[in-house]
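Thanks for making time. I will go through some salt bridges, one sheet and the internal cavities.

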Amino acid sequence: SGADRYATAVDVADQIFSGGDGITIVNGESFADGLASALSQRVILLTEADSIPAATAEWLENNCGPGGVTSIEVVGGVDAVSSAVFEALGECGVPLLRLAGANRYSTAIAVAGWNGTPTGKIILATGENFPDALAAGPLSQEYDAPIILNNGDSLRADVAAYLDATPSIDNVYIVGGESVISAEIEAELAGPRGYTVTRLAGDTRADTAVAIAAELDAANVILVNGTGFADALSAGPLARDLDSAILLVNADSIPAATAAWHIENCNTIEDVDVVGGTSRVSASVL
């Protein structure tokens, strides 16, 4: 944790970054572009659209140079990360790349393309809200499966085009219930397109995170506040490093689904960690 979301992301980075790798920069004020950023397994740092927060700038100053950061990937267009911020990041002296599209959906496809051809699996999540996609971050990394975003009751044209252009895909994991990824979409994927489709979902965002955790069978757990996106986004690379699922809690209470999962798995859980300060996940919850 840190004094704010930017400092929290830095604290997470300090736990897992040992040099000799690239990092990802996303906007810390809006969830849209960060939803698809989990697969690279790189440290994720947060920025404001028009300035680099002090905590992020200090981390970069300390980790740019020989043996440190080897590349920087910026996710999102100039509205999310301005040209001025992009140019300032170039002062790190390493290759700098922007991954972006016209909107969050095409940006997710751009991120998927940068990560390479999927080995067989993708994850489909709503782009209209953050909990499902961010809880799926560890699943994305475990299965080497990009997170593709959709909205509406049918496949978006750009998503359909991505699927058509990627014949290696044979499994689709839908995260979230039918209110966010419709039954019609599931039927199209399983029927005309012939994919093996698995839906991981529950009645609430906490239930869906539990369904993802059950699929992962992880040894450890990271708790984040389920009403905000920033800490869950930063926690994605840490979850892979610690073999953890990401589960959701409230600031001062534990949702029933999260509590039940912990009770059921009490004998196999090794570690429970929290990303975020006590105003986001209280000491009593931990």
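Glu186 comes out as partly exposed, at a relative accessible area of 23%. This is a predicted model, so please read every value here as computed from predicted coordinates. The buried class stops at under 20%, so Glu186 with its 23% falls outside that class. Its salt-bridge partner is Arg199, and the closest N and O atoms of the two are 2.9 Å apart. Glu186 sits in helix 8, residues 183-190, while Arg199 belongs to strand 8, residues 196-200, so the bridge links parts that are 13 residues apart in sequence. Arg199 is also partly exposed, with 21% relative accessibility. A network of salt bridges with shared partners connects Asp164, Glu188 and Arg193.

How many salt bridges does the structure hold? The count is 5. One of them is between Glu73 and Arg42, with 3.2 Å between the closest N and O atoms. Glu73 is part of strand 3, and Arg42 is in the loop between strand 1 (21-27) and strand 2 (43-47), so this pair ties together parts that lie 31 residues apart in sequence. Are these two residues, Glu73 and Arg42, buried or exposed? Both are buried. Please keep Glu73 in mind, as I return to that residue with the cavities.

A further salt bridge joins the side chains of Arg156 and Asp158, at 2.9 Å from N to O. Asp158 is partly exposed, and its relative accessible area is 24%.

Next, the sheet. Strand 8, which carries Arg199, belongs to an open sheet of 4 strands. In what order do the strands of this open sheet run? The order is 6-5-7-8, and the pairing is parallel. Strand 6 (147-150) and strand 8 are at the edges with a single partner strand each, so each has one side without a neighbour in the sheet. From one strand to the next, the twist averages 25 degrees.

Now the pairs at the two ends of that order. Strand 7, residues 171-175, pairs with strand 8 in the parallel sense, over 5 bridges. Within this pairing, Asn171 has Thr196 of strand 8 as its bridge partner. On the other side of the sheet order, strand 5, residues 121-126, pairs with strand 6, again in the parallel sense, over 4 bridges. Here Leu124 is opposite Ile148 of strand 6.

Strand 6 deserves a moment, because side chains in a regular strand alternate between the two faces of the sheet. What covers the picture for strand 6 is burial on both faces: Ile147 and Leu149 are on one side, Ile148 and Asn150 are on the other, and all four are buried. So Ile148, the residue opposite Leu124, is among the buried ones.

On to the cavities. The structure contains 2 cavities of 30 Å³ or more. The largest has a volume of about 60 Å³. Its lining is made up of Gly34, Leu35, Ser37, Ala38, Ile44, Ala133, Leu134, Gly137, Ala232, Leu233 and Gly236. Which helices supply at least two residues each to that lining? They are helix 5 (131-135) and helix 10 (230-242). Helix 10 contributes the most, with 3 residues. By class, the lining of the largest cavity has 7 nonpolar and 4 polar residues, and no charged ones.

The second largest cavity encloses about 50 Å³. Thr24, Ser37, Ser40, Glu73, Val75, Leu99, Val111, Trp114 and Asn115 form its lining. Strand 3 (69-75) and helix 4 (104-114) are the elements that give two or more residues to this lining. Its residues divide into 4 nonpolar, 4 polar and 1 charged. Glu73 appears in this lining, and is the residue that bridges to Arg42. Ser37 is listed for the second largest cavity and also for the largest.

One last residue. Where does Gly226 lie? Gly226 is in the loop between strand 9 (220-225) and helix 10, the helix that gives the most to the lining of the largest cavity. With a relative accessibility of 5%, Gly226 counts as buried. Between Gly226 and Val74 there are 25 Å from C-alpha to C-alpha, and the two are 152 residues apart in sequence.

That is the end of my part.

Note on methods:
Residues numbered from 1 in each chain as written. Predicted model: local features only at pLDDT ≥ 70, side-chain atom pairs only at ≥ 80, totals over all residues. Heavy atoms only, no water. 1 Å grid on protein atoms, 1.4 Å probe; cavity = no way out; pocket = protein on both sides within 12 Å on 5 of 7 lines; lining within 4 Å. Points joined across faces, edges and corners; volume = space filled by probe spheres on them. Nonpolar A, V, L, I, M, F, W, Y, C, P; charged D, E, K, R; others polar. Salt bridge = Lys/Arg side-chain N within 4 Å of Asp/Glu carboxyl O. Buried < 20%, exposed > 50% of the residue type's maximum accessible area, 1.4 Å probe, protein only. Pairing = 2+ DSSP bridges. Axes fitted to C-alpha atoms, helices over the stretch in contact; angles between N-to-C directions.
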